[in-house]
Amino acid sequence: MPLAKKFSWSQTALMIIVGLFSLACLFPFLMVISGSLSTEKDIVNYGYSLLPRNVTFDSYRILLLGSNRIVDAYVISIIVTTVGTALSIVVNGMGGYVMARRSFRYRNVLSVYVIITMLFSGGLVPWYIICVRYLDLKDSIWAMILPPLANAFNMFLIRNFMQSIPEDLYESAKIDGASEYRIFFRLIAPLSVPVLATVGLFVALGYWNDWFLGLMFIDKQELQPLQLLLRALISNVEFLKSSSNAAAMQRIAPAIPSESIKMALTVITIGPIVFLYPFVQRYFVKGLMVGAVKG
Amino acid sequence: MKRHGVLRELIQNRQLLVMFLPVATLLFLFCYLPLSGLIIPFKDFDFSKGIFGSDWMDPLFNNFDYLLSSDVAYRAIRNTVLLNALFIAVGLLFEVGFALVLNELRNKYFKRITQSLTFLPFFISWIVVGVFTYNLLNYDNGAINRFLEWLGFEAVDFYSNAGLWPAILVIALRWKMTGYGTIIYLAALTSIDHSYYEAASIDGASRWQQIRYISLPMLRPTIIILTLLAIGRIMNADFGMFYAMVGDASPLFPTTDVIDTLVYRSLRKSGDIGMASAAGFLQSVIAFVLVLASNHAARKIDRDSAIF
């Protein structure tokens with residue numbers, strides 16, 4: 001019986017439900033892109049729409065040429081994301097490795113030390129006071145990198161993967177006289193690329209999207225990451241005028257197109273993610289399934 | 001003799017200890033040290049004197065008395081628990097439902113494309129979701145208000161109408177997280193042995209009956225465990241969501257002010273560290289008990305699903 005060819009009402013109905021929800025997920029993205037390309041007049045007169053009536057790149061020109069704030073913020077976000085992700089893979093990788101080494105009798109003591117951090121939390125206020133008063137992280141770029149760096153959940157994901165690597169491999173490397181550092185960097189880490197890459201992608205996404213740490217610790221404007229700048233811009237477009245390139249901005253557009261500029265900065269902020277999404281999506285799905293098997 | 005063995009074991013594995021040092025240090029600084037700050041609500045905290053240098057509060061529970069006598073704190077606790085309960089219930093319905101629907105679809109390409117589209121919102125920050133929401137809801141040129149006007153209705157001032165916000169937050173959360181939440185359920189569904197369904201259909205079971213008597217029971221452990229773990233976190237609101245969506249719009253606070261936003265405001269805006277730390281203290285203690293209890297329950301149902 002050619003089942004697949006048969007027209008089915010229930011299949012059609014399900015496809016419509018799923019299709020509508022998918023479109024709803026896509027819709028805001030299209031609206032923002034369209035808004036960023038629209039003229040201010042069209043937005044004020046007709047509201048946001050799916051397709052721009054008159055296409056203009058003015059907002060992008062103002063953001064990228066007229067204001068160095070945006071470029072600065074972009075650089076900050078890129079530094080935080082790359083440095084944070086690289087450190088996170090090395091630090092959590094090594095932590096997971098130590099907890100995975102069966103020959104080390106006290107590995108479980110270390111595991112408990114890590115697990116406790118998942119259970120107890122001092123809360124926001126003590127954490128903030130420690131970071132600001134004792135660790136002097138206020139207005140430091142490290143404030144956006146270090147606090148979430150060591151992560152118990154990620155470390156256990158890595159440990160579980162490394163425990164599935166045959167113990168003989170560790171032992172034979174040991175007998176060959178390799179140091180633990182060498183075994184980790186040359187043997188185990190390359191074998192653990194699947195889990196390290198997955199953790200790395202989640203961590204990178206977290207750093208790129210983070211604005212909480214910036215909100216808590218960064219008051220200095222030139223250190224603010226992109227996400228925070230977007231938030232500032234939404235509540236007040238005028239601050240762009242205070243940047244040093246006000247003259248250049250004036251040349252591009254006499255009046256700042258406030259609505260479309262918000263949309264343009266949104267597009268710039270989510271650009272890298274949306275661009276990379278098709279390539280990395282399946283790794284995220286895989287990572288989630290690994291996490292689901294043993295959280 | 002035993003002490004000697006411990007020392008020897010440690011010296012023998014000194015390289016491993018060195019490799020663990022970064023993790024140990026970071027966790028100590030950012031997780032263990034703040035635990036000492038749990039005494040802050042009992043202190044008359046002075047930034048220049050530090051956590052231990054500050055004087056004890058007199059009377060000791062003054063900050064808690066002050067906190068619990070304020071309507072704002074009561075409102076924040078109520079909002080946190082009620083909104084989280086709403087989020088958990090609606091989330092469960094959407095995620096399981098969507099996974100079941102996707103699982104029924106026969107067209108592979110359609111399934112793959114729609115799954116990609118619904119997963120996409122997970123990747124953007126709440127700040128951006130806040131912008132999207134603003135685009136849809138703002139009074140002057142928001143898409144929804146334009147649409148309402150086009151239909152001949154009056155525009156709604158969403159940003160001063162607190163009653164609508166539980167619904168708005170639920171919709172935004174579902175928009176962002178349904179695709180993500182579905183993945184785990186879908187994984188559980190695809191791992192179900194096909195022979196169950198074959199046997200059922202030979203016995204004349206309809207698709208609906210197969211869902212009711214095979215798929216759902218097979219999902220049960222996953223559903224229970226994910227829900228329990230979510231209940232364990234019911235006192236902790238997603239600060240990112242609330243702050244990005246609502247921010248400082250105080251007309252919306254009656255329905256949207258949660259413990260986390262209250263603590264943040266007291267700490268960073270009004271500088272009321274006593275109140276902020278007392279609220280945070282209560283939250284930490286209750287959260288700790290709830291996490292232990294829910295994890296214990298999860299472990300009883302399925303040993304492997306507990307966090308620890």
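Which residues of chain B does UniProt list for "transmembrane region"? The unreviewed UniProt entry gives residues 16-40, 81-105, 117-138, 158-175, 222-246 and 273-293 of chain B, and the views below show parts of chain B in what is a predicted model.

**View 1. Two of the annotated stretches of chain B.** Residues 81-105 of chain B, listed by UniProt under "transmembrane region" in an unreviewed entry, are 96% helix and 0% strand in the model, with 36 Å between the end C-alpha atoms. Residues 117-138 of chain B, listed under that name in the record as well, are 68% helix and 0% strand, and their end C-alpha atoms are 25 Å apart. The unreviewed UniProt entry also places the feature "domain: ABC transmembrane type-1" at residues 77-294 of chain B, over which the chain is 76% helix and 0% strand, with end C-alpha atoms 20 Å apart.

**View 2. The side of chain B that touches chain A.** In this contact, 73 residues of chain B meet 79 residues of chain A. Helix α2 (residues 14-36) of chain B supplies the largest share of the chain B side, namely 15 residues. By class, the chain B residues that touch chain A comprise 50 nonpolar, 18 polar and 5 charged.

**View 3. Packing of α11(B) against α15(B).** Helix α11 (residues 207-232) of chain B packs with α15(B) at an angle of about 170 degrees, their axes being 8 Å apart; because an angle over 145 degrees counts as roughly antiparallel, the two helices are described in this way. On the α11(B) side the contact includes P221(B), I224(B), L228(B) and G232(B), and on the α15(B) side the contributors include L290(B), S294(B), A298(B) and I301(B). The contact residues divide into 11 nonpolar, 3 polar and no charged.

**View 4. The crossing of α5(B) and α11(B).** Helix α5 (residues 71-104) of chain B and α11(B) cross at roughly 140 degrees, and their axes come within 11 Å; the crossing is right-handed. Among the residues making the contact are I88(B), L92(B) and E104(B) of α5(B), together with R207(B), S215(B) and I231(B) of α11(B). This contact has 9 nonpolar, 2 polar and 2 charged residues.

**View 5. V289(B) and its surroundings.** V289(B) lies in helix α15 (residues 273-301) of chain B and counts as exposed, because it has 12 C-beta neighbours inside 10 Å. The C-alpha atom of V289(B) is separated by 37 Å from that of L102(B), the two residues being 187 residues apart along the chain.

Notes: Residues are numbered from 1 along each chain as its sequence is written. Chains are lettered from A and ligands numbered from 1 in the order in which they are written. This is a predicted model: local features need pLDDT of at least 70, side-chain atom pairs count only at pLDDT 80 or more; totals for chains, interfaces and linings use all residues. Two residues are in contact if their C-beta atoms, placed from the backbone, lie within 7 Å. Helices (H or I, at least four residues) and strands (E, at least two) are DSSP runs, numbered from the N terminus. Ala, Val, Leu, Ile, Met, Phe, Trp, Tyr, Cys and Pro count as nonpolar, Asp, Glu, Lys and Arg as charged, and the others, Gly among them, as polar. A residue is buried if 20 or more other C-beta atoms lie within 10 Å of its own, exposed if 12 or fewer, and partly exposed in between; C-beta atoms are placed from the backbone. UniProt positions are given in the numbering used here, feature names are shortened, and annotations may be inferred rather than shown by experiment. Axes are lines fitted to C-alpha atoms, for helices over the stretch in contact, and angles run from 0 to 180 degrees between N-to-C directions. Angles under 35 degrees count as roughly parallel, over 145 as roughly antiparallel, 65 to 115 as roughly perpendicular and the rest as oblique. A crossing is left-handed if the near helix is turned anticlockwise from the far one by less than a right angle, and right-handed if clockwise.
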